[in-house]
Amino acid sequence: MEKIEKTIRYTKLFNLYSGLLSDAQKDILYDYFFLDLSISEISENKGISRAAVEDALSKGTKKLDSFENSVKSLEKSEKIRSKVEELSKLATNVEEKKIINELMEELDNGI
């Protein structure tokens, strides 16, 4: 998986499941995926070893993957988004488009 695809995936998973991570994992994953800090930068900022950062990243991403494999919230959300996009193409009046836009906003804010 390319870095940009990996970043997109883990930012989505983080938004869904970050409450299930330890505080340290949450902080490090946020710095890495949202702030685009390098392992060295995170290590320096937090005063911990690079190995500790790498360990938190590895364990945190594995937890996110495990949560998604069990719950499948991201998968379900993306299927719903696809169907709503199909509906959007078929919408013919203002009220239908308004409802579709509201659904898309709900998906963007997380189910």
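**Exercise 1. The neighbours of L57**

Task: In this predicted model, find which residues L57 touches, leaving out residues up to four places away in sequence.

Solution. Start at L57 and look for heavy atoms within 4.5 Å. Skip anything up to four places away along the chain, and you are left with I28, L29, Y32, F33 and I39.

Next, put L57 in its wider setting. The largest nonpolar core has 17 residues, and L57 is one of the three that touch the most other members, together with L29 and L64. Now check who supplies this core: α1, α2, α3 (39–46) and α4 (50–71) each give at least two residues. There is also a second, separate core of five residues, and among its members are A91, I100, M104 and L107.

**Exercise 2. Two rings from two helices**

Task: Work out how the rings of F14 and Y30 are arranged, and which helices they come from.

Solution. First, what do you need to know? A pair of aromatic rings is described by the distance of the centres and the angle of the planes.

For F14 and Y30 the centres are 6.2 Å apart and the planes make an angle of 50°. Rings pair if their centres lie within 6.5 Å, and planes under 30 degrees apart count as stacked, over 60 as edge-to-face and the rest as tilted. That makes F14 and Y30 a tilted pair.

Now trace the chain. F14 belongs to helix α1 (residues 3–17) and Y30 to helix α2 (residues 23–34), so this pair ties together parts that are 16 residues apart in sequence.

Then ask how well each partner is covered. F14 has a relative accessible area of 8% and is buried, while Y30, at 37%, is partly exposed.

To finish, zoom out: the whole structure holds six aromatic pairs. You can also pick out one aromatic cluster made by Y10, Y32 and F33.

**Exercise 3. Comparing salt bridges**

Task: For the salt bridges E78 with K12, D31 with K46 and K79 with E75, say where the partners lie and how exposed they are.

Solution. A search of the whole structure gives seven salt bridges, and we'll take these three in turn.

*Step 1: E78 and K12.* Their closest N and O atoms are 3.1 Å apart. E78 sits in helix α5 (residues 73–90) and K12 in helix α1, so the bridge ties together parts that are 66 residues apart in sequence. Both ends are partly exposed: E78 has a relative accessible area of 38%, and K12 comes in at 36%.

*Step 2: D31 and K46.* Here the closest N and O atoms are 3.3 Å apart. This bridge also links distant parts of the chain, with D31 in helix α2 and K46 in helix α3, 15 residues apart. The two ends fall into separate classes: D31 is buried at 11% relative accessibility, but K46 is partly exposed at 35%.

*Step 3: K79 and E75.* The closest N and O atoms of this pair are 3.4 Å apart. Both residues lie in helix α5, four residues apart, which is about one turn of the helix. K79 is exposed, with a relative accessible area of 52%, and E75 is partly exposed at 35%.

**Exercise 4. Around D31**

Task: List the residues that D31 touches, not counting residues up to four places away in sequence.

Solution. Go to helix α2, where D31 is found. Apply the same kind of filter as for L57, and the contacts are D36, L37, I42 and K46. You have already met K46, the salt-bridge partner of D31.

**Exercise 5. A nonpolar patch on the surface**

Task: Which residues make a nonpolar surface patch of about 260 Å²?

Solution. The members are Y30, F34 and L35. Take them one at a time. Y30 is the ring that pairs with F14, and its relative accessibility is 37%. F34 is found in helix α2 and is partly exposed, with a relative accessible area of 32%. A patch residue needs over 30% relative accessible area, and you can check that cut-off against the values for Y30 and F34.

**Exercise 6. Sequence against space**

Task: How many residues apart in sequence are I8 and F33, and what is their distance in space?

Solution. Begin with I8, which lies in helix α1 and is partly exposed at 43% relative accessibility. Counting along the chain, I8 and F33 are 25 residues apart. Going from C-alpha to C-alpha in space, the distance is 8.3 Å. F33 should look familiar, since L57 touches F33.

Technical notes. Residues numbered from 1 in each chain as written. Predicted model: local features only at pLDDT ≥ 70, side-chain atom pairs only at ≥ 80, totals over all residues. Heavy atoms only, no water. Buried < 20%, exposed > 50% of the residue type's maximum accessible area, 1.4 Å probe, protein only. Core = buried A, V, L, I, M, F, W, Y, C linked by side-chain atoms within 4.5 Å. Salt bridge = Lys/Arg side-chain N within 4 Å of Asp/Glu carboxyl O. Patch = residues over 30% accessible without salt bridge, like charges linked within 9 Å, V, L, I, M, F, W, Y side chains within 5 Å. Areas by Shrake-Rupley, 256 points an atom, 1.4 Å probe, with all protein chains shown as cover.
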